[in-house]
Amino acid sequence: MTDAPTRTRQRPAAVNLTPSAHARIATLMASAPADAIGVKLSTPRRGCSGLAYSVDYVNVANPMDERIDTPGGTLFIDGASVLYLIGSTMDWVEDDFQAGFVFANPNAKGTCGCGESFTI
């Protein structure tokens, strides 16, 4: 038996970010509280379908969270939410009536009528 060298490859990010999402994270971090080290994406239980997307400032890194370094700052993904978000795309969309992060989540089996929550 020969000892083949171990090679590691970089693991793909759990969530893909669009250029608009990168820019919005940079904007958020430029006006963040002094102790903020990034923003955190999580999927708390709420809404009519069960889970919702939440983005908040974070000031302490949790070793269980996924970490995505972007040009404008760090995006943390809640460790308990990663499985619900794998393969998702996070975008920032603004129009005349609203602005917010929009998620294309291949794991979501349905959404509520208002679009605020989803189910797996």
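Contact here means heavy atoms within 4.5 Å. I note that first, for the helix entry further down.

**Entry 1: overview**

I am looking at a predicted model. I looked up the elements first and found two helices and ten strands in the protein. Read from the N terminus, the order is β-α-β-β-β-β-β-α-β-β-β-β. The protein has 120 residues, and 36% of them are buried.

Next I looked up the surface. About 7,800 Å² is exposed. Carbon and sulfur atoms supply 52% of that area.

Then I turned to contacts between residues at least 6 apart in sequence. Of these, 50% join residues at least 24 apart.

**Entry 2: the sheet with strand 1**

I looked up an open sheet of three strands. Their order is 1-7-8, and the pairing is mixed. Which strands stand at the edges? Strand 1 (15–17) and strand 8 (99–104) do; each has a single partner strand, so one side of each has no neighbour in the sheet. On average, neighbouring strands here are turned by 30 degrees against each other, direction ignored.

I then checked how strand 1 meets strand 7, residues 88–94. The two pair in the parallel sense, over three bridges. I picked out one residue, Val-15, and its bridge partner in strand 7 is Ser-88.

Helix 1 came next. This helix covers residues 19–30 and lies across strand 1, strand 7 and strand 8. It runs at about 70 degrees to strand 7.

**Entry 3: salt bridges**

How many salt bridges does the structure hold? I find three. As background, side chains of opposite charge can pair when their charged atoms come close.

I began with Lys-40. Its side chain meets that of Asp-65 in a salt bridge, at 2.8 Å from N to O. This pair links distant parts of the chain, 25 residues apart. Lys-40 is in strand 2 (residues 38–42), while Asp-65 is in the loop between strand 4 (54–58) and strand 5 (66–70).

Is Asp-65 buried or exposed? Its relative accessibility is 11%. Buried means under 20%, so I count Asp-65 as buried.

Lys-40 also forms a salt bridge with Asp-78, at 3.9 Å from N to O. Asp-78 lies in the loop between strand 6 and helix 2 (82–85), and Lys-40 in strand 2, so this pair ties together parts 38 residues apart in sequence. I therefore record Lys-40, Asp-65 and Asp-78 as one network of salt bridges.

Asp-69 and Arg-67 form a salt bridge too, and their closest N and O atoms are 3.1 Å apart. I checked the cover of both residues. Asp-69 is exposed, and Arg-67 is exposed as well.

**Entry 4: Thr-74**

I followed Asp-69 to another residue. The side chain of Asp-69 makes a polar contact with the side chain of Thr-74, at 3.2 Å. Where is Thr-74 placed? I find it in strand 6, residues 73–77.

Thr-74 has a relative accessible area of 9%. The cut-off for buried is under 20%, so Thr-74 is buried. Its polar partner Asp-69, by contrast, is exposed.

Last, I looked up what Thr-74 touches, leaving aside neighbours within four places in sequence. Its contacts are Ile-37, Gly-38, Val-39, Arg-67, Ile-68 and Asp-69. I note that Arg-67 and Asp-69, the salt-bridge pair from the previous entry, are both among these contacts.

How values were computed: Residues are numbered from 1 along each chain as its sequence is written. This is a predicted model: local features need pLDDT of at least 70, side-chain atom pairs count only at pLDDT 80 or more; totals for chains, interfaces and linings use all residues. Side-chain values use heavy atoms; hydrogens and water are left out. Helices (H or I, at least four residues) and strands (E, at least two) are DSSP runs, numbered from the N terminus. Buried means under 20% relative accessible area, exposed over 50%, partly exposed in between (1.4 Å probe, protein chains only). Accessible areas come from the Shrake-Rupley method with a 1.4 Å probe; for residues, only the protein chains shown count as cover. A polar contact is a pair of N or O atoms within 3.5 Å; within protein, one must be able to donate a hydrogen and the other to accept it, and residues adjacent in sequence count only if both atoms are side-chain atoms. Two strands pair if DSSP finds at least two bridges between them. Axes are lines fitted to C-alpha atoms, for helices over the stretch in contact, and angles run from 0 to 180 degrees between N-to-C directions. A salt bridge is a side-chain nitrogen of Lys or Arg within 4 Å of a carboxyl oxygen of Asp or Glu.
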